[in-house]
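Reader: Hi! I have a structure to look at and would like to learn how to read it. Could you take me through some features step by step?

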Amino acid sequence: MPRLSQYFVKSSLICLMLGFSIGGLILASKASPLISGLVWLWLPAHITILLDGWLVQLAIGVAYWILPRVAGSDRGRRCWAWAAFFVLQAGLGLAVLSLLQMWWPFASQFFAPGVVFQALAMMLFVVHAWPRIRSAAAQGVGLKLPE
């Protein structure tokens, strides 16, 4: 498994752990008067961390590993894929920083740029992966395309 895929999968599992922990606190706030009701402010970050941090990151990591190679062992434009990794981590970091809004109200301003960074990261990965996506006929499997 390539190093970048390992990084994507490992960081997706970290986001899974963080997202479930935040979700557990939100759920516990419904039953316990000891936990502030303000944890419901964390719901958008919780959803973003689970969807973009866990699911999308896991899918990108597996896609980088499993998509057909461009030529021989070449995975194509690696710099675009690495850029997607770092921009996605920056976006998720901003989403996590927005969790501080319970104590620091200005922190809620970090959420929107974080989502923009995450969308940019997905576009960067699409630019990387586009040449690797092709039909089975183009790979020489022998299947004929419908006319």
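Author: We will go through helix pairs, ring pairs and a few single residues. Keep in mind that this is a predicted model.

Reader: Let's begin with helices. How do the axes of α1 and α2 cross, and how close do they come?

Author: For two helices, look at the distance between the axes and then at the angle. The axes of α1 and α2 come within 8 Å, with a crossing of roughly 160°. Angles over 145 degrees count as roughly antiparallel, so α1 is roughly antiparallel to α2. The crossing of this pair is left-handed.

Reader: What kinds of residues make up the contact of α1 with α2?

Author: Sorted by class, the contact of α1 with α2 has 17 nonpolar and 9 polar residues, and no charged ones.

Reader: Now α2 and α3. Are they roughly parallel or roughly antiparallel?

Author: Again, start with the numbers. Helix α2 covers residues 43–66, and its axis comes within 10 Å of the axis of α3, crossing at roughly 165°. That angle makes α2 roughly antiparallel to α3. Here too you can note the hand of the crossing, which is left-handed for α2 and α3.

Reader: Which residues of α2 meet α3?

Author: On the α2 side they are A45, T48, I49, D52, G53, Q57 and Y64. Their partners in α3 include R78, F85, L88 and V96. By class, the contact of α2 with α3 has 9 nonpolar, 4 polar and 2 charged residues.

Reader: And at what angle do α1 and α3 cross?

Author: Helix α1 (residues 3–31) and helix α3 (residues 78–97) cross at roughly 15°, and their axes come within 11 Å. Angles under 35 degrees count as roughly parallel, so α1 is roughly parallel to α3. The crossing of α1 and α3 is left-handed.

Reader: Which residues should I click on to see α1 meet α3?

Author: In α1, try R3, L4, Y7, F8, S11, C15 and L18. They meet residues of α3, among them A81, W82, F85 and L92. This contact of α1 with α3 has 12 nonpolar, 2 polar and 1 charged residues.

Reader: I see plenty of rings. How many aromatic pairs are there in the whole structure?

Author: A search of the whole structure finds 11. One of them is W82 with F85, an edge-to-face pair at 6.3 Å centre to centre, with 85° between the planes. Planes over 60 degrees apart count as edge-to-face, which is why the pair W82 and F85 gets that name at 85°.

Reader: How far apart in helix α3 are W82 and F85?

Author: They are 3 residues apart, so about one helical turn separates them. W82 is partly exposed at 26% relative accessible area, whereas F85 is buried at 9%.

Reader: How are the planes of W104 and F110 arranged?

Author: W104 and F110 form a tilted pair, 5.8 Å centre to centre and with 50° between the planes. W104 is partly exposed, at 41% relative accessible area, and F110 is partly exposed too, at 21%.

Reader: Which residues do ring pairs link into a cluster?

Author: The cluster holds Y7, F8, W82, F85 and F86.

Reader: Now single residues. Is S5 buried or exposed?

Author: For one residue, check where it lies, how accessible it is and what it touches. S5 lies in helix α1. With 0% relative accessibility, S5 counts as buried. Leaving out residues up to four places away in sequence, S5 touches G61, Y64 and W65.

Reader: Where does S98 lie?

Author: S98 is in the loop between α3 and α4. S98 is buried, with a relative accessible area of 2%. Setting aside residues up to four places away in sequence, S98 touches A45, A107, F110 and F111.

Reader: What separates the C-alpha atoms of L94 and P113 in space?

Author: Compare places along the chain with places in space. L94 is in helix α3. L94 and P113 are 19 residues apart along the chain, and 7.3 Å separates their C-alpha atoms. For another pair, L38 and F20 are 18 residues apart in sequence and 17 Å apart in space, C-alpha to C-alpha. L38 lies in the loop between α1 and α2 and is partly exposed, at 43% relative accessible area.

Conventions
Residues are numbered from 1 along each chain as its sequence is written. This is a predicted model: local features need pLDDT of at least 70, side-chain atom pairs count only at pLDDT 80 or more; totals for chains, interfaces and linings use all residues. Side-chain values use heavy atoms; hydrogens and water are left out. Axes are lines fitted to C-alpha atoms, for helices over the stretch in contact, and angles run from 0 to 180 degrees between N-to-C directions. Helices (H or I, at least four residues) and strands (E, at least two) are DSSP runs, numbered from the N terminus. Angles under 35 degrees count as roughly parallel, over 145 as roughly antiparallel, 65 to 115 as roughly perpendicular and the rest as oblique. A crossing is left-handed if the near helix is turned anticlockwise from the far one by less than a right angle, and right-handed if clockwise. Contact means heavy atoms within 4.5 Å. Ala, Val, Leu, Ile, Met, Phe, Trp, Tyr, Cys and Pro count as nonpolar, Asp, Glu, Lys and Arg as charged, and the others, Gly among them, as polar. Rings of Phe, Tyr and Trp (its six-membered ring) pair if their centres lie within 6.5 Å; planes under 30 degrees apart count as stacked, over 60 as edge-to-face and the rest as tilted. Buried means under 20% relative accessible area, exposed over 50%, partly exposed in between (1.4 Å probe, protein chains only).
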